Amino acid sequence: MRFLSTRRKHPAAKPLTLLLALFMMGAVYALVSPAQPSAADPNTNPQVAQGKGLYDVTCSSCHGLNGEGSSQAPSLIGVGAAAVDFQMGTRRMPMAKPMAQAPRDSAPEYSEEEIAAIGAYVATLGAGPGVPSEDKYSPAGLTDEEIARGGELFRTNCSACHNIEGRGGALPEGAYAPSLHGVSSKHIYEALRTGPQQMPLFSEGALPDEDVKQIIGYLSKVEQQPQYGGLMLGAIGPVAEGFWGWLLGIGGLVLVAMWLAKKGARAR
Ligand code: HEC
Ligand code: HEC
């Protein structure tokens, strides 16, 4: 005490006590403050932590702070990392503005690392399909018979919505099944296992990996074939084709009629 009281008037006393007080406050705070909230344990897994950070900023406005969904968007609990990889890999998500069906290639591009991080976080919300490894979907080494079988499987399970050649088609209520041309094997596999939007989910029980590979093999074969005959007319089906028939057919007749009328008028 004598030591302190004799030095109280020292010019350095005030700043030193202040420093000491700050240090004590810091130490006490570190002891008392609670540990980080352990939602999905971002503490132990830096990838999940990164994913949660990105999710909070980019996705939570529609899908809810804990992936519970909202009036704007479905719940992501149990959709799995495969759904995130599919939706972000085909650039459907993050959806730019609320609408019924997010079109392919409409969202900003994210790096594989960022997509994997968000997927890892979403996977902690509830068990769901993981991102598949290449041996599950690669059609490499399929025989011609297997590819032909893939065509049969495709006609039975998929062509009702996606058209016989996978060119896509319209569905009720303004929805559509997109063209499957140019879709990567991995994204085809993930679409089956996660059932995006109006598409049914095909589980491994319903369609084993071997069958999926054959379908993928068939689709890449169809894609390599040249297109025969005429314009594609958007390849949406009979409605579009009928529309063009009308436009060119009736439109052409109208033009001819106008031309005739003009000619007739001049002749008079
Ligand atoms: C503007 C609102 C909006 C934002 C932002 C948004 N989403 Fe979505 N999301 C939707 C809607 C609506 C659907 C359902 C319609 C559809 O699938 O096309 C959906 C569907 C999904 C699905 C499919 C769910 C399933 O059942 O298979 C996933 C996965 C998904 N979103 C992930 C994300 C991720 C990850 C982000 C952030 C990077 C994100 N979304 C940002 C609106 C949004
Ligand atoms: C009931 C109709 C329906 C059936 C049956 C169906 N799909 Fe789909 N499919 C859809 C719809 C709708 C979408 C678009 C989902 C979206 O945009 O979120 C889609 C999307 C896809 C995509 C994503 C394409 C892209 O643009 O990224 C693939 C791949 C796919 N389907 C493959 C298949 C295969 C293979 C089968 C058969 C095993 C099948 N689908 C059966 C309706 C269907």
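Reader: How far from an oxygen atom of ligand 1 does a backbone N or O atom of A102 lie?

Author: The model is predicted. A102 is among the residues closest to ligand 1. Its partner there is an oxygen atom of the ligand, and A102 uses a backbone N or O atom. The distance is 3.2 Å.

Reader: Which side chain has an N or O atom 2.8 Å from a nitrogen atom of ligand 1?

Author: The closest residues to ligand 1 are C59, C62, H63, M93 and A102. A polar contact takes N or O atoms within 3.5 Å. The pair at 2.8 Å joins a nitrogen atom of the ligand to the side chain of H63.

Reader: Which helix gives the largest share of the shell around ligand 1?

Author: The ligand is surrounded by 24 residues. Helices α4 (60-63) and α5 (80-89) each supply at least two of the shell residues. The largest share is four residues, and it comes from α5.

Reader: How many residues of the shell around ligand 1 are charged?

Author: Nonpolar residues number 17 in this shell. Another seven are polar. The count of charged residues is none.

Reader: Are α10 and α11 parallel or oblique to each other?

Author: Helix α10 covers residues 185-194 and helix α11 residues 209-224. Their axes are 10 Å apart, at an angle of about 130 degrees. Angles over 145 degrees count as roughly antiparallel, and 65 to 115 as roughly perpendicular. The two helices are therefore oblique.

Reader: What is the handedness of the crossing of α10 and α11?

Author: The helices pack at about 130 degrees. The crossing of α10 and α11 is right-handed.

Key:
Residues are numbered from 1 along each chain as its sequence is written. Chains are lettered from A and ligands numbered from 1 in the order in which they are written. This is a predicted model: local features need pLDDT of at least 70, side-chain atom pairs count only at pLDDT 80 or more; totals for chains, interfaces and linings use all residues. Side-chain values use heavy atoms; hydrogens and water are left out. A residue is near a molecule or strand if one of its heavy atoms lies within 4 Å of it. A polar contact is a pair of N or O atoms within 3.5 Å; within protein, one must be able to donate a hydrogen and the other to accept it, and residues adjacent in sequence count only if both atoms are side-chain atoms. Ala, Val, Leu, Ile, Met, Phe, Trp, Tyr, Cys and Pro count as nonpolar, Asp, Glu, Lys and Arg as charged, and the others, Gly among them, as polar. Axes are lines fitted to C-alpha atoms, for helices over the stretch in contact, and angles run from 0 to 180 degrees between N-to-C directions. Angles under 35 degrees count as roughly parallel, over 145 as roughly antiparallel, 65 to 115 as roughly perpendicular and the rest as oblique. A crossing is left-handed if the near helix is turned anticlockwise from the far one by less than a right angle, and right-handed if clockwise.
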